[in-house]
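Reader: Hi! I'm in my first year and still learning to read structures. Could you pick one part, look at it closely with me, and show me how it sits within the whole chain?

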Amino acid sequence: MNALRDSRQEQADSSPASPIVRAEALTKQVATPDHELTILKAATFEVRAGEAVAILGPSGSGKSTLLGLLAGLDSPSSGSVRIGGQDLFSLSEDGRAKLRGQMVGFVFQSFQLMPALTALENVMLPLELAGGAGARARARAVLERVGLAERLGHYPRQLSGGEQQRVALARAFVTRPAVLFADEPTGNLDTTTGQAIVELLFKLNRDSGTTLVLVTHDERLAARCGRILRLDGGRLVTA
């Protein structure tokens with residue numbers, strides 16, 4: 001078993017109070033024609049194993065930027081992120097991708113499904129990329145859990161928005177991630193469908209014991225989490 005997988009196992013075996021995500025003085029700046037724009041400034045906080053944490057703030061407050069940095073999808077101007085004890089930005093691109101494949105799941109507002117793959121194939125994909133055995137059976141089982149047993153062979157274009165987000169949830173949970181990052185997971189759904197997705201997300205999260213980090217502008221959705229981190233103008237005002 002390699003070092004990253006050992007690290008994940010140590011987190012799984014640790015107490016619920018163990019920090020699994022830590023951001024230290026995390027800052028993101030981008031150059032504009034006139035000046036340097038600070039999108040996120042010196043954010044420091046921990047997320048403990050098993051927590052459900054909401055990152056809450058208005059549009060433009062830096063929420064999605066913070067989530068991308070926590071997941072290692074973007075690089076900070078300064079500061080650090082650790083997941084399961086691993087310093088993300090001391091790793092190569094391949095190293096970060098490997099860690100994400102072993103420890104992290106994602107749910108996006110825009111679903112991010114592969115249009116040329118069926119629902120079953122979309123959910124199988126992260127397992128196949130990780131070289132896991134029994135990908136088809138595991139993907140089928142989790143799609144059944146999200147109520148899509150009759151949609152396995154359908155392509156994203158043949159599914160409703162709510163069904164596509166169910167596929168995305170299945171794909172996120174099929175790898176049994178230690179941490180799930182969700183970016184406005186109901187943003188493209190109507191109220192009724194969005195509420196059903198929220199209920200499913202929290203049920204899957206409880207059943208799997210995954211640590212949840214959820215970006216939202218919705219106070220009611222944030223209140224479903226055990227803790228709220230508030231962002232305002234790129235600054236963390238509540239941690």
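Author: Let's start with charge: the chain carries 27 positive and 25 negative charges, and their mean positions are 3 Å apart. Please keep in mind that this is a predicted model.

Now for the overall frame. The C-alpha trace spans about 50 × 45 × 35 Å along its principal axes. A compact globule of 239 residues would have a radius of gyration near 18 Å, and the chain has 18 Å, so the two agree. Eight helices and ten strands make up its secondary structure. Of the 239 residues, 46% are buried. The accessible surface comes to about 11,200 Å², with 49% of that belonging to carbon and sulfur atoms. Take the contacts between residues at least 6 apart in sequence: 69% of them join residues at least 24 apart.

With that frame in place, here is the part I'd like us to look at closely: Arg171, which you can find in helix α6, residues 161–174. Is Arg171 buried or exposed? Its relative accessibility is 15%, and because buried means under 20%, Arg171 counts as buried.

What does Arg171 touch, once residues up to four places away in sequence are set aside? The list is Phe111, Gln112 and Leu113, together with Asn122, Val123 and Pro126. Try selecting these residues in the viewer and then turning the model around Arg171. For a sense of distance, pick Leu229 as well: Leu229 is 58 residues from Arg171 along the chain, and their C-alpha atoms are separated by 26 Å.

Two other elements are worth a visit for comparison. One is strand β6, residues 104–108, where four of the five residues are buried. Strand β6 runs parallel to strand β7, residues 179–183, and five bridges join the two. You can follow one of these bridges yourself, since Val104 has Val179 in β7 as its partner.

The other is helix α2, residues 63–70, which is also mostly covered, with six of eight residues buried. Which residues of α2 are buried? They are Lys63, Leu66, Leu67, Gly68, Leu69 and Leu70. Just after α2 you come to Gly72, where phi is positive at about 75°.

To return to our chosen part, Arg171 belongs to α6, and among the residues Arg171 touches are Phe111 and Pro126.

Conventions: Residues are numbered from 1 along each chain as its sequence is written. This is a predicted model: local features need pLDDT of at least 70, side-chain atom pairs count only at pLDDT 80 or more; totals for chains, interfaces and linings use all residues. Side-chain values use heavy atoms; hydrogens and water are left out. The radius of gyration is taken over C-alpha atoms; the globule rule is 2.2 Å times the number of residues to the power 0.38. Buried means under 20% relative accessible area, exposed over 50%, partly exposed in between (1.4 Å probe, protein chains only). Contact means heavy atoms within 4.5 Å. Accessible areas come from the Shrake-Rupley method with a 1.4 Å probe; for residues, only the protein chains shown count as cover. Lys and Arg count as positive and Asp and Glu as negative; His and the chain ends are not counted. The place of a charge is taken as NZ of Lys, CZ of Arg, CG of Asp or CD of Glu. Two strands pair if DSSP finds at least two bridges between them.
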